[in-house]
Each structure stands twice: as C-alpha cells, then as structure tokens.
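Work through these exercises with the model open beside you. Try each task before you read its solution.

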Amino acid sequence: MRIIFNKVSKNFGKNAPALDETSFEINEGEFVFLVGSSGAGKTTVLRLIIQDLIPTSGKIEIEKFVISKKNHVDTAKLRRKIGMVFQDFKILYNRTTFENVAIALEILGKKSDEISKKVHEVLHLVGLSDKANFFPIQSRRITKSIYCEGYCWWTKNFIG
Ligand SMILES: Nc1ncnc2c1ncn2[C@@H]1O[C@H](COP(=O)(O)OP(=O)(O)O)[C@@H](O)[C@H]1O
Ligand SMILES: [Mg+2]
C-alpha cells in the first residue's frame, strides 16, 4: 500500500499547527517507524491516515483514496484496507476469541462456514486455536496475540 502526504497541515484551534506542510511517501512493502518527541504529531499523522481527522490543508493519498479538506472518502472502505493496532486493545469483552476475530467478516456479510474456516486459520497462525472459545478475560495471551501478531495480517489477507 502506498501512502503519500503532500504538504499536509493540521491545526487545532489557535495553537501552533500539529503538522505544518508535512510531506512524505511510503511505498508498497516498506517498513517504517514514526518517531518523535511527545507532541511532535505522530498520533495526528495516524489519525489522518484513518480519516479520524481531516487535514486543514494539503492532500493525503492512500492507494486510490484521496483525502483533503474538500474531498472526504468513504471511511468504512478506507479502514477495511488498514490494520491498525491500538495501544488500548479494541477488544469486545462479551465475545469469545473466535467471535472477536469473526466480527469483521460478519459485518461484511460472509457466510458462516467461510467465517469459521478463516477464523480458525488465523487463530492457528497466532497459536490461539486452544483458546477459540475462551473469553478475553480468561486468558491474557488472547489480547496480546490477536492484536499484536494477527490483526494486520488478518486485514491484509482476508478483509482488504
Ligand atoms: N484534539 C486536539 N486538540 C488540540 N490540540 C491537539 C489535539 N490533538 C493533538 N493536539 C496537539 O497537536 C500536537 C501534536 O499532537 P500529537 O499528534 O498527539 O503528538 P504525538 O502523538 O507525537 O505526541 C500537540 O501540540 C498536541 O497538543
Ligand atoms: Mg501520540
């Protein structure tokens, strides 16, 4: 996936801009780190990529999606292409491991036998087959594994 920031600025109120005409390009297959001191704008960059924020000016291109102040894209379609692992795990505590992983495919309206096959494949990949019917609270390994190892791969291979 190709991500291009072209002179992107983001202002919050009257303070100095969080991003000031920031430009960069990340190409397919590249592995990058976004580093900087607290307040540098890292979270703002990530929030712009998932269109949780709209740039004040400039243009963001994520594959065929072009985001600018004047051009918003279909957020649901954009986010289907992006696997984002949050620090505060976005996990549903009233669903089992299997059900947590299955939810994205359920929303896409996939058939239950297909969902079952794919979810078991993913759980096997991250070594959680034995925990499929456990609730998150029953195993600390579940939160760590699903979200750190499996989720990006899952999005890329099965959903995106
Ligand atoms: N929702 C917001 N409202 C006002 N100011 C914000 C908001 N989000 C971030 N900022 C400001 O934008 C700058 C960049 O913040 P942020 O992207 O969170 O930096 P980082 O993640 O690198 O610590 C900071 O000065 C921060 O105070
Ligand atoms: Mg941050």
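The exercises below go from the overall fold to single residues.

The model is predicted.

**Exercise 1. The order of elements**

Task: Find how many helices and strands the protein has, and in what order they run.

Solution.
- Step 1: Count the elements. There are five helices and four strands.
- Step 2: Read from the N terminus. The order is β-β-α-β-β-α-α-α-α.
- Step 3: Look at burial across the chain. Of the 160 residues, 20% are buried.
- Step 4: Look at contacts between residues at least 6 apart in sequence. Of these, 52% join residues at least 24 apart.

**Exercise 2. The sheet**

Task: Work out the order of the strands in the sheet, and say which strands lie at the edges.

Solution.
- Step 1: Trace the sheet. Its four strands are ordered E2-E1-E3-E4. The sheet is open and its pairing is antiparallel.
- Step 2: Find the edges. Strand E2 (19-26) and strand E4 (65-68) each pair on one side only.
- Step 3: Check the turn between neighbours. On average it is 15°, direction ignored.
- Step 4: Recall what holds such strands together. Strands of a sheet pair through backbone hydrogen bonds.
- Step 5: Follow one pair. Strand E1 (residues 3-10) and strand E3 (residues 57-62) are joined by five bridges. Asparagine 6 stands opposite lysine 59. Isoleucine 4 has glutamate 61 as its bridge partner in E3.
- Step 6: Follow the next pair. E3 and E4 are joined by four bridges and run antiparallel. Here isoleucine 62 has phenylalanine 65 as its bridge partner.

**Exercise 3. Two faces of a strand**

Task: Sort the side chains of E3 by the face they point to.

Solution.
- Step 1: Take one face. Gly58, Ile60 and Ile62 point there, and they are buried.
- Step 2: Take the other face. Ser57, Lys59 and Glu61 point there, and they are not buried.
- Step 3: Name the pattern. The side chains alternate along E3.
- Step 4: Look at Ile62 again. Beyond its neighbours within four places in sequence, isoleucine 62 is in contact with Met1, Ile3, Ile49 and Leu78.

**Exercise 4. The cores**

Task: Find which residues make up the largest nonpolar core, and which element gives the most to it.

Solution.
- Step 1: List the members. They are Phe5, Val8, Ala18, Leu19, Val45, Leu48, Ile49, Ile60, Ile62 and Ile67, 10 residues in all.
- Step 2: Assign them to elements. E1, H1 and E3 give two or more residues each.
- Step 3: Pick the top contributor. H1 gives the most, with three residues.
- Step 4: Look for a second core. Another core of eight residues lies apart from this one, and includes Val101, Ala102, Val122 and Leu123.
- Step 5: Turn to helix H3 (residues 97-107). Its buried residues are Thr97, Phe98, Asn100, Val101 and Ala102. Just after H3, glycine 109 takes a positive phi of about 80°.

**Exercise 5. Around the ligand**

Task: Name the residues that surround ligand 1, then sort them by class.

Solution.
- Step 1: List the shell. It holds Phe12, Ala18, Gly36, Ser38, Gly39, Ala40, Gly41, Lys42, Thr43 and Thr44.
- Step 2: Sort by class. Three residues are nonpolar, six are polar and one is charged.

**Exercise 6. Positive phi**

Task: Locate glutamine 51 and glutamate 63, and find their phi angles.

Solution.
- Step 1: Start from the general rule. Most residues other than glycine have a negative phi.
- Step 2: Take glutamine 51. It sits in the loop between H1 and E3. Its phi is positive, about 55°.
- Step 3: Take glutamate 63. It lies in the loop between E3 and E4. Its phi is positive too, about 50°. The two strands form a hairpin, with two residues between them.

**Exercise 7. Buried or partly exposed?**

Task: Why do glutamine 51, glutamate 63 and threonine 75 get the burial class they have?

Solution.
- Step 1: Set the cut-offs. A residue is buried with 20 or more other C-beta atoms within 10 Å, and exposed with 12 or fewer.
- Step 2: Take glutamine 51. It has 19 such neighbours, so it counts as partly exposed.
- Step 3: Take glutamate 63. It has 13, so it is partly exposed.
- Step 4: Take threonine 75, in helix H2 (residues 75-80). It has 13, so it is partly exposed.

Terms used:
Residues are numbered from 1 along each chain as its sequence is written. Chains are lettered from A and ligands numbered from 1 in the order in which they are written. This is a predicted model: local features need pLDDT of at least 70, side-chain atom pairs count only at pLDDT 80 or more; totals for chains, interfaces and linings use all residues. A residue is near a molecule or strand if its C-beta atom, placed from the backbone, lies within 6 Å of it. Ala, Val, Leu, Ile, Met, Phe, Trp, Tyr, Cys and Pro count as nonpolar, Asp, Glu, Lys and Arg as charged, and the others, Gly among them, as polar. Two strands pair if DSSP finds at least two bridges between them. Axes are lines fitted to C-alpha atoms, for helices over the stretch in contact, and angles run from 0 to 180 degrees between N-to-C directions. A nonpolar core is a set of buried Ala, Val, Leu, Ile, Met, Phe, Trp, Tyr and Cys residues joined through C-beta atoms within 7 Å. Two residues are in contact if their C-beta atoms, placed from the backbone, lie within 7 Å.
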